[in-house]
Amino acid sequence: MPNQNSEALEAARMHPERSLRTGQGSALKGILINSALGAAKLAAGVLGHSYALIADACESYADVMGSCVTLYGLRIAAEPADHEHPAGHGRAETLASAVTALALILVGAFIFWQATLSLGEPRHAPNPLTLLVLVPVIFIKERMFHWMRARGKEIGSMAVVADAWHQRSDVVTSVAALTGISVAWVGGPGWSHADSWAAMAASLWLMGTGLWLLGPTLHELMEGSVDPALLEFIYETSGNCPGIKGVDKVWVRKLGMRLMVDLHVEVDPDISVQEGHRLSHEVKAKLQAELPQVRDVMVHVEPYDPERAKRPYRIQAGGTR
């Protein structure tokens, strides 16, 4: 039996409109909260002479842009299929995830470069009062990360998950700023550049996270394999339809949050073409009823082969055989 607790399977069972509302709500919440936190950190960084906190504010505004990209990508992905995009616009959601990951890499590189330049400049020691801004920021952004990541997994959206990690990156830069300011404050004038070193350390983490997020995005863009539990569910659901004697192959393409299914079913070789056509439509209807995120199902009807049925099916890279 397939794993009924599979995240991919649960996401496929969610109604597309609910998935879209959940994803857009997550992105909008990220825009509003990060805009407020970014303004607070920028003001505190300028007034408190903390480069790490200013860099942290820049990361918050990068989060705002990332959430805007996610929101726009989800809106485009929800548009219906048209003549130029017969499979729909689901890849827009995947591309939004890629843009978010690349933004993390670019922001990390920018912060590293700016922090390096600041090492040779005379600096005032950061004001310890800036710590009062950082502590609540860390708490809020960590809560946002867990909440947004859970929503992204719930609806099967790589863009929302990537946006969640953008929120976590803000936690890392804030912790780095907290550490750097504390060291500079305790250590005295000789440690005035500690927050610049902290910003450099955080920037390396940002770039690494961006590269890590690019992996699943490129996997989906290259139409890599989906969760085996989802394939097994489609295989068993199709095979349990009346009149279907076996399922030979199952292939699934993931287009953002939507799915395209291609499968080969086996029927009695003596039935009419019309009856085989009817059975294929029943398989399609059942799959779309069980998995609302399935946009379309291409069903190939083949004659039942008892010898082939004796061979157990197995999960492979693109589906089952």
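With a relative accessibility of 0%, T94 falls in the buried class, since anything under 20% relative accessible area is counted that way. The model examined here is a predicted one. T94 sits in helix α4, the stretch covering residues 91–118. Setting aside neighbours within four places in sequence, the contacts of T94 are with T217, E220, L221 and G256.

Stepping back to the whole protein, buried residues account for 48% of the 321 residues. What is left open to the outside adds up to about 15200 Å², and carbon and sulfur atoms supply 65% of that exposed area. As for how the chain meets itself, take the contacts between residues at least 6 apart in sequence: 76% of them join residues at least 24 apart.

The secondary structure consists of ten helices and four strands. Read from the N terminus, the order of elements is α-α-α-α-α-α-α-α-β-β-α-β-α-β, so the run opens with helices and ends on a strand.

One helix pair is worth a look. Helix α2 spans residues 16–47 and helix α5 spans residues 131–155, and their axes come within 10 Å, crossing at roughly 165°. The two helices are therefore roughly antiparallel, because an angle over 145 degrees puts a pair in that class. The crossing of α2 and α5 is left-handed. On the chemistry of this contact, the residues split into eleven nonpolar, six polar and six charged.

Key
Residues numbered from 1 in each chain as written. Predicted model: local features only at pLDDT ≥ 70, side-chain atom pairs only at ≥ 80, totals over all residues. Heavy atoms only, no water. Buried < 20%, exposed > 50% of the residue type's maximum accessible area, 1.4 Å probe, protein only. Contact = heavy atoms within 4.5 Å. Areas by Shrake-Rupley, 256 points an atom, 1.4 Å probe, with all protein chains shown as cover. Axes fitted to C-alpha atoms, helices over the stretch in contact; angles between N-to-C directions. Parallel < 35°, antiparallel > 145°, perpendicular 65-115°, else oblique. Left-handed = near helix turned anticlockwise from the far one by under 90°. Nonpolar A, V, L, I, M, F, W, Y, C, P; charged D, E, K, R; others polar.
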